[in-house]
Amino acid sequence: MAIPLGYIFRETRGNLRWNVTLFAATIVAVWVSLTLFGSSLLIRQGVEQATGRWQGGIEFIVFMNADASEAQHAAIRGALDENPEIGGYDYVDQQGAFNEFITEFADRPELIENVTPEILPPSYRVKPTVGDADVIEALAAQFDTRPGVRQVTLPVEVIRTLQQNSQKVSVFVLVIAIVVLLAALMLIANTIRTAIFARRQDIEVMKLVGASNWYVRLPFMVEGTIQGLIGGALAIPMLFLMNNLMAGFVQEDYLELLRSLVVDSAVVWNTSLLVTGIGAAVGVLGSLFAVGRFLDV
């Protein structure tokens with residue numbers, strides 16, 4: 001039996017009128033759960049992106065004494081070249097360090113006036129081939145006590161803490177999202193069940209005159225799908241808002257390492273489409289559960 005689209009839309013609209021409060025509550029539950037779920041995905045992708053950038057970026061800096069000899073520089077360069085876990089390095093001489101100082105403190109002319117290139121240490125900006133914080137720390141320790149080395153600085157503690165905390169936050173948010181998503185699924189099933197109960201006599205008549213199960217079932221499935229899609233659509237602006245807030249938060253200089261956690265708009269769009277699809281799937285599953293269990297009249 002062909003199922004007219006007009007019948008589906010008419011029956012779905014009638015079902016929604018019976019359950020306005022439950023319909024709204026279900027949408028809110030789906031909205032919240034999918035926002036949390038999408039946020040956990042963005043956190044995971046941000047951490048992976050940041051780790052990838054750290055692997056190809058400056059992981060630690062070897063500062064030399066301003067009066068380090070050429071032999072001491074040669075020893076450092078030799079050690080860097082021979083180490084297979086170091087992918088490369090950039091040398092910044094004293095003039096380069098002075099140029100960076102001017103850029104960094106452009107708004108503090110009184111500091112620039114008292115600094116000359118001769119007093120600033122040259123440095124090697126080292127790029128390891130690995131992204132593991134413990135390995136990077138061990139690599140940096142190899143240069144800390146070499147002759148001519150003034151100091152070795154590395155963001156390894158920040159990286160390690162960021163990786164650990166980001167994973168914990170991501171898992172925590174994901175668990176909450178799953179719990180709320182299950183609650184949303186039960187709400188959808190309850191909404192559909194209420195609609196079936198309210199129209200049980202009409203359903204019984206339709207089945208008595210030969211209507212197939214799919215003829216009766218489809219409007220309720222469309223109702224559940226609409227609830228999931230609306231909840232997913234509402235989650236999209238929330239994901240963009242959260243990503244933009246993160247982007248604004250990490251603009252401070254001391255939070256430079258966190259900037260890699262901000263993903264671009266394409267990633268947010270892909271995540272948004274995914275959570276919207278999940279919302280629709282939850283709606284379909286919830287309605288199928290309710291219809292399959294309570295359609296026998």
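This note goes through the fold, the strand pairing, the salt bridges and the nonpolar clusters of a predicted model.

1. Overall make-up. The protein chain has 10 helices and 4 strands. Along the sequence, the elements follow the order α-α-β-α-β-α-α-β-α-β-α-α-α-α. Of its 297 residues, 42% count as buried. Long-range contacts are well represented: among contacts between residues at least 6 apart in sequence, 84% join residues at least 24 apart. The exposed surface comes to about 15800 Å², and carbon and sulfur atoms supply 62% of that area.

2. Strand 3 and its partners. Strand 3 covers residues 123–128. Strand 1 (residues 60–64) runs antiparallel to strand 3, and 4 bridges join the two. Within this pairing, F63 has S123 as its bridge partner. Strand 2 (residues 86–92) also pairs with strand 3 in the antiparallel sense, over 6 bridges. Here I86 is matched with P128.

3. Burial of strand 3. How much of strand 3 is buried? The count is 5 of the 6 residues, so the strand is largely enclosed by the rest of the structure. One residue to check is R125: at 12% relative accessibility it counts as buried, because the cut-off is under 20%. K127 is partly exposed, at 27%.

4. Salt bridges at strand 3. The structure holds 3 salt bridges. One of them pairs D90 with K127, with the closest N and O atoms 3.2 Å apart. This pair links distant parts of the chain: D90 sits in strand 2 and K127 in strand 3, 37 residues apart. D90 is partly exposed, with a relative accessible area of 37%. Another joins the side chains of E100 and R125, at 2.8 Å from N to O. It too links distant parts of the chain, from E100 in helix 4 (residues 94–104) to R125 in strand 3, 25 residues apart. E100 is partly exposed, at 37% relative accessible area, whereas R125 is buried.

5. The E70–R77 pair. E70 forms a salt bridge with R77, and the closest N and O atoms are 2.5 Å apart. Is E70 buried or exposed? E70 is exposed, with a relative accessible area of 53%. R77 is partly exposed, at 26%.

6. The largest nonpolar core. This core has 24 residues, and L34, L42, I192 and V268 touch the most other members. Helix 2 (20–56), helix 7 (156–198), helix 9 (213–249) and helix 10 (265–294) each supply at least two of its residues. The largest share, 7 residues, comes from helix 7. L42 gives a view of the packing: beyond residues up to four places away in sequence, L42 touches L239, V263, V267, V268 and T271.

7. A second core. Which residues belong to the other core, apart from the one around L42? It has 16 residues, including I76, A79, A140 and V152. As background, nonpolar side chains tend to be buried together in soluble globular proteins.

8. A nonpolar surface patch. Not every nonpolar side chain is covered. V171, V175 and V179 form a nonpolar patch on the surface, with about 240 Å² of accessible area together. V179 lies in helix 7, the helix that also gives the largest share of the 24-residue core.

Conventions:
Residues are numbered from 1 along each chain as its sequence is written. This is a predicted model: local features need pLDDT of at least 70, side-chain atom pairs count only at pLDDT 80 or more; totals for chains, interfaces and linings use all residues. Side-chain values use heavy atoms; hydrogens and water are left out. A nonpolar core is a set of buried Ala, Val, Leu, Ile, Met, Phe, Trp, Tyr and Cys residues joined through side-chain atoms within 4.5 Å. Buried means under 20% relative accessible area, exposed over 50%, partly exposed in between (1.4 Å probe, protein chains only). Contact means heavy atoms within 4.5 Å. Patches are made of residues with over 30% relative accessible area and no salt bridge: like charges are joined within 9 Å, nonpolar side chains (Val, Leu, Ile, Met, Phe, Trp, Tyr) within 5 Å. Accessible areas come from the Shrake-Rupley method with a 1.4 Å probe; for residues, only the protein chains shown count as cover. A salt bridge is a side-chain nitrogen of Lys or Arg within 4 Å of a carboxyl oxygen of Asp or Glu. Two strands pair if DSSP finds at least two bridges between them.
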